[in-house]
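Me: I would like to learn how to read a structure feature by feature, beginning with a helix. Could you take me through this one?

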Amino acid sequence: MVIFEVKSTTMKNIAFLTLLLMIIPLYSCKQNSGQETKAEVITEAAINSIVDTISKHNPNLDSPERLRTGVRQAAMQWKIEYGDSDVFKNFCIENYAETPEKRRALFDRLSVALEALWGGFNKISVELKKPMHLVGDTLAHIDYILGAYDPSSHLSEDFYDNKIAYLTILNFPFYTLEEKEKNAGQWTRLDWAYARMGDIFIPKASAAVLQLVADAEMKGESYIADYNIMMGHLVNNEGKKMFPADMKLLSHWNLRDELKSNYAPGAENFEKQKMIYRVMLDIVEQTIPLEVINNPEYDWNPYTNIIYKDGKETKANPEGTRRYEMLLEQFRAQQAVDKYATAYPNALLRAFDQSMQIKQEDIENMFIEYISSPKVKKIAGMIKERLGRPLEPFDIWYDGFKTRSAINEDELTQKTQRLYPNAEAYDKAIPSMLVKLGFPQEKAAFLGDAIVVEPARGSGHAWGAMSRDDYARLRTRLSAKGMDYKGFNIAVHEMGHNVEQTISMRDVDFYIMNGVPNTAFTEANAFVFQKRDLQLLGYGKTNEAQAKMNELDIFWGAYEIMGVALVDINVWKWMYAHPECTAEQLKDAVIAAAKDVWNKYYEPVLGGKDSPILAIYSHMINSPLYLANYPLGHIIEYQLEQFYKGKNLAKEIMRIYSLGNLAPQEWMVQAVGERISTKAMLRE
Ligand SMILES: [Zn+2]
C-alpha cells in the first residue's frame, strides 16, 4: 500500500520515533570513550573471586550461572575511573540481588524510574517539537533548534556515572537473540521482562566512533541527495529528446517512479522506460559520465554513452567508483563500531539480531521462498498479458495493478469533509469508529480518551506515548474545507498505529515490555485499519475487485524489494569476508551479487540474463541494511489478516498487541500460533 513510498517511511519513522528517541540515545553516549574495558581493569581471576565470594555468602543462589554472567558483563563495561578490581568487587557484593524477591523489588523500582524518565522526556520532546509538527505560526529559527534538542541525550552517561547501569547489568544480564529464542519456550512473562531490562545497557561504541557512522551516513545521504538526472537532456539514437526539458529526477526513487508512470498508455512510453533502465544500469556500473550528474550543461545518449556540449560531441569521464567509495566508507565506520559493540559485533548482527530482532538467515530463507514461488510466474504471466509484450527486467516495477475506487472519490471527500471539518471532529468520532470495527463500547471509549488528534503541519504521523499516563497523538492534515478522502485514508492508517501504541503501552503487564518487536508490527496494524476505511464511512465491505488488485500490487512490490534486500545482505557478507577490499573490487562484487540474485530468481521470470538492476537502490548507499524491513510490514499484516478471518477482529487485536515487546518470532507464535512466514502472502 504505502510502505514502499518515501513518505510512508517518514510516517513510519515518526510513528516509532518515540522508541528510537528514548532508547537509541541510551546506547549512544560516552560510556566507553577512551576508557579501557575488562581486559585492563577486571581480570578473569577477579571475576572468579567475586562469583566465589557471593556464592559462599549465599549457598542457595537461584542461578549461579546468571550471577557469573552478570558479573562478567558488568566487568566488561567497568571503567578504571570508578576504581580498581577491589572497588568493583565491593560494588558487586553490595548490589547483587541474591534472592528472587530482592531481584523483583529492584526490577520494580527500576521500572518505575524508567517510566518516569522515558515518559517525561517524551512529553518534553512532544512540547519542544510542537511548532514544527502542528499547524501554527510561521516557523522561526528557534523552533528548529528547540525541535532538534534531545532532552534525554545525557541520561545514559549519567546512569553509567551513578552506577545504575552497572547495577542493572549485574542483576539483569543481556541475552543474545539466539539465547532469547532458545529460552522462549520456558521463559515466563517476568523472565522476558528481566531480559528486556538486560537490553538497556549493552556495550556501545563511544560518541566519537558513532560519529564516524553518522558522518559516513551523512556523506552517503548528500551524495544521493545531489544525484539528479536531467531527463530533458537525454537523447536517443535518433538524437531525439523524449522527456520534458526541465524534468530533473533523483536516483533512484524518481527514476523508478517515472518508469512506473510510463505504464500508462502512450506511444513513446515503452521507449522512455527502456531509456530510464539504461540510465540505471550506467549508475550501477558507474559508466555514467560525471558530466551528466546533476548538471544540465550536457546532452547524453545513454545507449552510446556519448555526451554533447552545445550540440558537439565531447569527451566523457565515467563516474568510476564514487558510488562504491560511499558504501565502503559506511563499511569502515561500522568496522570501527564492531570492536566496541561486543553484544552485536558486526553490522549484520546489529541490523538483524539487534534492530529487527529476526535472524538474518530467517529473513533470507523467507525471502527466497517467496521470490522463487510458482505464484511469481503466474502473476508475471498476467502482467505479460496486460502489457501485450514480452517482459523486460524493469517490469519488476510494473505499476498496472491499480484500479479506481468503486465509489467516486469526490463523493467520498464530500462525506469526509462534512464529517470531519476539523481535528476535533475526528477526535470525537474515534470511539464510534472503533465500535464499527468491533471494539466493545467501553474499550472504544478508553482508546478514544488515550488518543489525541491534532492538525499536522506536514503530512501527518502517529506519535506514541512512553508512559501509561500520556496520550498517543494522531497528527493529521486538514484543509480549510476539512479532511479530504485521501487525508481520511491516511488518518485511519495513523489511528491503527495509535491503537497499537495505546494497547501495547497500557495493556501490557510490565512497563519494560511495552511496544512491539519492531516497526513492521505497528505498520501491520496500521494497514489492517487503513484497509477498512470505507467500512468506517458506512460503506460496508471493501470493493472485492479493488482489494484483489491491491493484493497483486503488494505481491509484486514485495517480489521486487525482497531481491533488492538480498543483494544488500550479500554485499555486506562479502565486505566482511573481504575487509581490505578496494572500491573497485567492491564495485565488481556488488554487480556480481546483483547478477547472481537476478539470474537465480528474476531471469527465469523476466529474462535479461546478467542484469545488475537490483543494485540500483539508493538505500544501499545511504542507509544500508535497512531494506529488509520494508516487506516485513506486509508479511506480518497478511499473517494477521489470515488469522483474523472468522474471528472477532477487535478482540484479537486487543489480545495480540498486549503481548508487548517479545522477540518477533515468539510474538508471532503467541499471536497466531506460528513463526513469521510469507505463506499467507503466497496463498492463492
Ligand atoms: Zn505507518
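Reply: Let us begin with what is being read. This is a predicted model, in which local features need pLDDT of at least 70 and side-chain atom pairs count only at pLDDT 80 or more, while totals for chains, interfaces and linings use all residues. Residues are numbered from 1 along each chain as its sequence is written, and side-chain values use heavy atoms, with hydrogens and water left out.

Me: Which residues of α18 are exposed, and which are buried?

Reply: Helices (H or I, at least four residues) and strands (E, at least two) are DSSP runs, numbered from the N terminus. Buried means under 20% relative accessible area, exposed over 50%, and partly exposed in between, with a 1.4 Å probe and protein chains only. In α18, P374, K377, K378 and E385 are exposed, and on the other side the buried residues are K375, V376, I379, A380 and I383. Seen down the axis of α18, these buried residues fall within an arc of 135° and so line one face of the helix, the arc being that of the directions from the helix axis to the C-beta atoms.

Me: What do the buried residues of α18 pack against?

Reply: Contact means heavy atoms within 4.5 Å. The buried residues of α18 pack against α17 (360-371), α25 (544-577), α27 (603-606) and α32 (679-682).

Me: How should I judge the length of α18, and what is found at its ends?

Reply: The expected span of a helix is 1.5 Å times one less than its number of residues. For the 14 residues of α18 (residues 374-387) this gives 20 Å, which agrees with end C-alpha atoms that are 20 Å apart. At the start of α18, a side-chain oxygen of S373 reaches to within 2.9 Å of the backbone nitrogen of K375, and just after the helix G388 takes a positive phi of about 70°.

Me: How are strands β3, β4 and β5 joined?

Reply: Two strands pair if DSSP finds at least two bridges between them. Strand β3 (residues 298-301) and strand β4 (residues 306-309) run antiparallel and are joined by four bridges, with K309 in β4 as the bridge partner of Y298. Three bridges join β4 to strand β5 (residues 312-314), again antiparallel, and K309 stands opposite K312 in β5. As for the turns, the hairpin of β3 and β4 has four residues between the strands, and N305 takes a positive phi near 60° there, whereas the hairpin of β4 and β5 has two residues between the strands, with D310 at a positive phi near 50°.

Me: How many disulfides does a search of the whole structure find?

Reply: A disulfide is a covalent bond between the sulfur atoms of two cysteines. Here it is defined as a pair of cysteine sulfur atoms within 2.5 Å, and a search of the whole structure finds zero. C92 counts as buried because its relative accessibility is 0%, and C581 counts as buried at 5%.

Me: How would you read a single residue, such as R655 in helix α30?

Reply: R655, in helix α30 (residues 649-657), counts as partly exposed because its relative accessibility is 34%. Leaving aside its neighbours within four places in sequence, R655 is in contact with F643, Q670 and A671, and the backbone oxygen of Q670 lies 3.0 Å from a polar atom of the R655 side chain. A polar contact is a pair of N or O atoms within 3.5 Å; within protein, one must be able to donate a hydrogen and the other to accept it, and residues adjacent in sequence count only if both atoms are side-chain atoms.
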